[in-house]
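The following exercises ask you to read a structural model step by step, and each task is followed by a worked solution. Please look at the sequence and the coordinates before you begin.

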Amino acid sequence: MHPSHPWNKVSGPLEVTDSTLNIACQAKISPLAPRAASTLRTRKSAGGLVADEPLWLRVLLIGSAFTVIGLLILIPLVYVFVQALADGWSGLIKNLWNDPDTRHSIWLTLSVAPLAVALNTVFGLAAAWTITRFQFPGRTLLTTLLDVPFAISPVVVGLMFVLLFGMQGYFGPLLRDHGIKVIFAWPGLLLATTFVTLPFVARELIPLMESLGAEEEIAAVSLGANPWQLFWRITLPNIKWGLVYGLIQCHARAIGEFGAVYVVSGHIAGQTDTMPLRVEKLFQEYNNPGSYAVASVLTLMALLTLLGKSLLERFLERQMAAAQQEAQSP
Amino acid sequence: MRFPSALLFLSIFLAGCSSGTSGESTDSGLRTESETVELLNVSYDPTRELWKDLNAAFAESYQQETGNVVTIKQSHGGSSSQARAVVDGLDADVVSLALWLDTDQIRQKNLIKDDWEERLPNRSLPYTSTIVFVVRQGNPKQIYDWSDLSKPGVQIITPNPKTSGNGKLAFMAAWGSVIVGGGTEDQARKFVTRLYKQVPVLDTGARGATTTFSQKEIGDVHLTWENEAHLEVQEAKGALELVYPSVSILAEPHVAVVDANVDRKHTRIAAEAYLKFLYTAQGQEIIARHFYRPADAETLAKHAKQFPDVSLFPITRLAASWNEAQARFFSDGAIFDTIYQSK
């Protein structure tokens, strides 16, 4: 290690302390320690870099970055809200509330997305626990399989479910005999959304739990903690922020999912149209104000999610800085 | 505890979701059907506005006649993909698809009985339609008939014949314009080859093509359903014009009750009443107002002004049946594949 390197400002104090303190410290900084640390690092090193460059280059680079982001992100984003508010607030509320199909789509998205997030929380916790705390044959394979939903096109995911649960598929006739509807109904929407957002929580937790190690848990078990106590008192407090971070990402993706849901929905207005599907439908029905109204709500939800994410990041950064100070003072 | 509350939520949702049947039973105590019926009509792309009006009118008349409440849900999309969804288990009580071919797909899977075409008046056709042209204001490219489409520099917008009813009909109309005019199949093939060379983009469905032409402003002429053309011109507020060619194809969007589904859901009575309603004076009037050509001669005569006299030829003028036309023109490696080079 080179003492002059700016990175050492962060990693240094943690290294000099003894291992007990190290663990305690990490536990307090808790989940996002690696992520938060890397954010700090880039900030410091980047600050140094920029200051060395000539003014024209700085202006050019920063200016072009703002131009591109403005053109690609900011203007379309503002445009959505401008269009939605073309007839004022009352017009927006009328467009959202007076059409029962639109009202239903909002409600549908607001029920499918949180439920998909809930399912993925349970699944993500179980998967991360299994993968980081046990050694077994096929562990690497399982880790790879976790990424499959990211890799497959959502349309293919939808078709997969149609082939599995459709009347021409494997389970369709059996399910129908028992009066259960999966595709072209609510469970299909949930299934598709859950599948597509499946990796978010697990992917967030696995590196975190790996870096935390099992020492504290082993200590707790040796002191006689039962599995529930272990989970609620040791594991969950350690990973809670990482978990929240995963949930936020998972939720953002779940409310916006279009492709997979498009295939399994059956497009029944007022029944299986989620908000993204409703936006498309209203647009095709020449109802631009209605379409932009729903789009604006969807955008607003995404922005709120983003806000939550950055608030969380800032909170963790501050926590981490506090933990460092604590570690530095003997 | 997240999970149990989620389950609770789910169960509340499912309970709220199951269709409510009202508690009072009829005097006789005999109940063949629940008193609140929900029907699902699976239809093709451009009929959204039509069914919205028809559904409201039917629900009112049905309640007056029987005292029963009926609500109708709609599903719209490309005709062939909608047929596919019904085959895959979409719970349609009735289908109102763009082509005979698509309804027949569902019959082939035994969801609709073999005699479906004869069960309703006019071969189960409450209305017919055709393919017409929409051009830009002032018709700058001077497009008046099919032969004008192959002029150099004319860009044509039409959906993909492989996936869209509109697309298939537009192709067959172009092909038929040569045959009906006394041309040979060879000439017809040359004509459609030139024509589809001038198609910059093939959308998958009728509404997609309309958006491409009217909102993205691509192309000089749009080959589309007569009813869609009227709506498109209306929405464009003067920027587009409608052109009727001298000949075109007779489009026959059939309607049918999906037997397997109504028997399982016990909705046959309402579903049959729904389709019969389309043939009433009120139903025909709504159909005509949305620019579909009504089956009833009287209603058609009343609205004659909005349906110019175009010489319409049926598909049987060009092929033995839609099945044969599909195999000969649109299946993999068939005529359309040989004449259309994707860009």
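**Exercise 1. Determine whether Asn122(B) is buried, exposed or partly exposed, and describe its backbone.**

Solution. Asn122(B) has 14 other C-beta atoms within 10 Å and is therefore partly exposed, given that a residue is buried if 20 or more other C-beta atoms lie within 10 Å of its own, exposed if 12 or fewer, and partly exposed in between, with C-beta atoms placed from the backbone. Asn122(B) belongs to helix α5 (residues 121-124) of chain B, where helices (H or I, at least four residues) and strands (E, at least two) are DSSP runs numbered from the N terminus. Its phi is near 50°, a positive value in a residue other than glycine. Most residues other than glycine have a negative phi.

This is a predicted model, in which local features need pLDDT of at least 70 and side-chain atom pairs count only at pLDDT 80 or more, whereas totals for chains, interfaces and linings use all residues. Residues are numbered from 1 along each chain as its sequence is written, and chains are lettered from A and ligands numbered from 1 in the order in which they are written.

**Exercise 2. Carry out the analogous analysis for Phe184(A), beginning with where it lies.**

Solution. Phe184(A) is placed in the loop between α10 and α11 of chain A. Its phi is positive, about 60°, although Phe184(A) is not a glycine. In the last step one counts 29 other C-beta atoms within 10 Å, so Phe184(A) is buried.

**Exercise 3. Assess the confidence of chain A, and find which of its elements has the lowest mean pLDDT.**

Solution. Start from the average: chain A has a mean pLDDT (the predictor's confidence in each residue, from 0 to 100) of 83, and 84% of the residues score at least 70. Going on to the elements of chain A, the lowest mean, 37, belongs to helix α1 (residues 8-16), and the highest, 94, to helix α11 (residues 186-196). Over residues 1-47 of chain A pLDDT stays under 50, and for this stretch the model has 53 contacts beyond four places in sequence, a contact being a pair of residues whose C-beta atoms, placed from the backbone, lie within 7 Å. Where pLDDT is low, the predicted coordinates should not be read in detail.

**Exercise 4. Describe the surroundings of Ser291(A), starting from the helix in which it is found.**

Solution. Ser291(A) is part of helix α17 (residues 288-328) of chain A. Because it has 23 C-beta neighbours inside 10 Å, Ser291(A) counts as buried. Leaving aside residues up to four places away in sequence, Ser291(A) touches Val279(A), Leu282(A) and Phe283(A). A more distant relation in sequence is that with Gln83(A), 208 residues apart along the chain, whose C-alpha atom is separated from that of Ser291(A) by 9.4 Å.

**Exercise 5. Analyse the contact between chain A and chain B, and state which helix gives the most to the side of chain A.**

Solution. The contact takes 23 residues from chain A and 23 residues from chain B. On the side of chain A that touches chain B, α6 (100-133) and α10 (172-177) each supply at least two residues, and α6(A) gives the most, with five residues. By class, that side of chain A divides into 11 nonpolar, 10 polar and two charged residues, where Ala, Val, Leu, Ile, Met, Phe, Trp, Tyr, Cys and Pro count as nonpolar, Asp, Glu, Lys and Arg as charged, and the others, Gly among them, as polar.

**Exercise 6. Locate strand β6 of chain B in its surroundings, and explain why it is largely enclosed.**

Solution. Five of the five residues of strand β6 (residues 221-225) of chain B are buried, so the strand is largely enclosed by the rest of the structure. For its partners, two strands pair if DSSP finds at least two bridges between them. Strand β4 (residues 127-136) of chain B is joined to β6(B) by five bridges and runs antiparallel to it, with Val134(B) having His222(B) as its bridge partner. Strand β5 (residues 156-157) of chain B pairs with β6(B) in the parallel sense over two bridges, and here Ile156(B) stands opposite Val221(B).

Terms used:
Two residues are in contact if their C-beta atoms, placed from the backbone, lie within 7 Å.
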